[in-house]
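Biologist: Could you walk me through one spot in this chain, starting with the whole and then zooming in?

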Amino acid sequence: MAEAVERESMEYDVVVVGGGPAGLSAAIRLKQLAAEAGREVSVCVLEKGSEVGAHILSGAVIDPIAIDELIPDWKEKGAPIDTPVTADKFYFLGPAGAVRLPNFAMPPLMSNHGNYIISLGNLCRWLAAQAESLGVEVYPGFPAADILYGDKGEVRGVITGDLGVARDGHHKDSYTPGINLIGKYTLFAEGARGSLTKRLGAKFALHEGREPQKFGIGLKELWELKPEQHRRGMVMHTMGWPLDNATGGGVFLYHWGENFCSVGFVVHLNYSNPYLSPFDEFQRVKHHPLIAEMLKGGKRIGYGARALTEGGFQSVPKLTFPGGALIGCGAGFMNVPRIKGSHNAMKTGMLAAEAAFAALGAGRAGDELVDYEAAYRKSHVYKDLKRVRNVKPLWSRLGTIVGVPLAAIDMWTNQLFGFSVFGTLKHGKADFATLKPASQCQPIAYPRPDGVLSFDKLSSVFLSNTNHEEDQPVHLLLKDPSIPIRVNLPEYAEPAQRYCPAGVYEVVQEAQGPRFQINAQNCVHCKTCDIKDPAQNITWVTPEGGGGPNYSNM
């Protein structure tokens, strides 16, 4: 259909897809290099959110190593990085109690001292302003919906999404076709499970010879605490209850700003019980005495959810292809035990920018930026991921009680001696293949939310400021519409009802039988359905520009 529509075209040296930390860092670095060399390089950044930062959700504790390099005077320039970590606590939770894990037993790389608690969305807004001041063209509300290919199969750019298309596909009076954005190179910084990144991986066999990418779902609430409960600069992580030993994940609580507390919960998406609901596990963990006491008297003011890449070192795909490259969490640079990826996302954006700038200077276009892949292998990103490469597979294979202590020992040997007694372990199955049949699992009875510490999905989605134009095509596509009821319901009790953190998927009981309903307007763009559906029947595509959540301080 894209070929049948007459579209305007705009040409740039580099097109960047995604206004997160990786994409913005790449754009800034390109302009810095151009200024240093006295050359002109045209750069644009596309962002599907209504504004830069609207779709950004992360813990976040940031390691400043990358921003120190990219913008050394970030403090003087007013970057929203002003809460240094002052306390670092780890707990193992039981149903009613908690055991604090001593800091001296934790591998040094796990220490958060020297890091900062931030809103990553606010940092991206600031980075966008820095990029624009250097001459980068930033276009929020313009999702990249398709890929442009050249005569030789190389990536030539992207097509932005059409506006004004009705739910049934006809063009409304407000119809405006998307634009061809053509670049000599295109950098894809879509974040975890990017829709175009997924297609590029298949077309160019980028995952061949790599372990399957692994994912988690991160759910987050922003709380405003009573002043006497607030401990500015305190970072707390937990594992254990309410998850069973075989299910990885845990809580994070970060105290920052003026009485803010980022309260989050991560569940590894290789869990096996189809009755598990990450959202409901998050709601009940807040009733644990250790956490409830901290939130007492506070007010929940924000909510969101996002998938995160957890495959790490073994799962990083081939980063380049003719005409472009993958940067940031779309390629999977998150350090799982540290729950940190922003510093690596920024650095890979900078490395790709440097390779693209050198290629442009040599008069090249549309070829592979092989220098980027080589630079990644020499960078601190590669080292960062390599020394924690066995944490995820040990946790997945042996569970929390045995796997996590062994992972800690492995991190110690990697940090002190540069080797692992385990070598490099494999991940095994992709996350969609780990569910057991419902007949082999026990349903989980979740407590009703009390409206004080725990809440329902719909009131949570309301806090995310999620909005989609009602009369537009559904952006959650079923390859076979019969599978949810014909296969997933009898086999897995249709887990989409539970793994989705926004109430998008429902099984509605009607006189003629059950019906699968998609409430696409609720979607917070977490991408969990695209990852966890056992039949791989759901494909997430970009909705109309500006749709989705509109996060503030997240």
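Biologist: What share of the 554 residues of the protein chain count as buried? And after that, please take a close look at T400: in which helix is its place, and which residues does T400 touch?

Modeller: Sure. Keep in mind that this is a predicted model, where local features need pLDDT of at least 70 and side-chain atom pairs count only at pLDDT 80 or more, while totals for chains, interfaces and linings use all residues. Numbering starts from 1 along each chain as its sequence is written, and side-chain values use heavy atoms, with hydrogens and water left out.

To your first point: 61% of the 554 residues count as buried, meaning under 20% relative accessible area, with exposed being over 50% and partly exposed in between (1.4 Å probe, protein chains only). The chain has 14 helices and 24 strands; these are DSSP runs numbered from the N terminus, H or I of at least four residues for helices and E of at least two for strands. The radius of gyration is 23 Å, close to the 24 Å from the globule rule for 554 residues, so the chain is as compact as a globular protein of that length. That radius is taken over C-alpha atoms, and the rule is 2.2 Å times the number of residues to the power 0.38. Looking at contacts (heavy atoms within 4.5 Å), 78% of those with a separation of 6 or more are between residues 24 or more positions apart.

Now for T400. You'll find T400 in helix α10, residues 391-417, and T400 is buried, with a relative accessible area of 6%. Leaving out residues up to four places away in sequence, T400 touches F92, M239, D244, N245, T247, W395 and P405.

Two of those names lead us into the strands. F92 has M239 in β15 as its bridge partner. Strand β5 (residues 87-93) and strand β15 (residues 234-240) run parallel, joined by seven bridges; strands count as paired if DSSP finds at least two bridges between them. β5 is also joined to β6 (residues 98-101), this time antiparallel, by four bridges. One of the residue pairs there is F90 with L101 in β6. β5 and β6 make a hairpin, with four residues between them.

So that's your spot: T400 sits in α10 and touches both F92 and M239, which are bridge partners.
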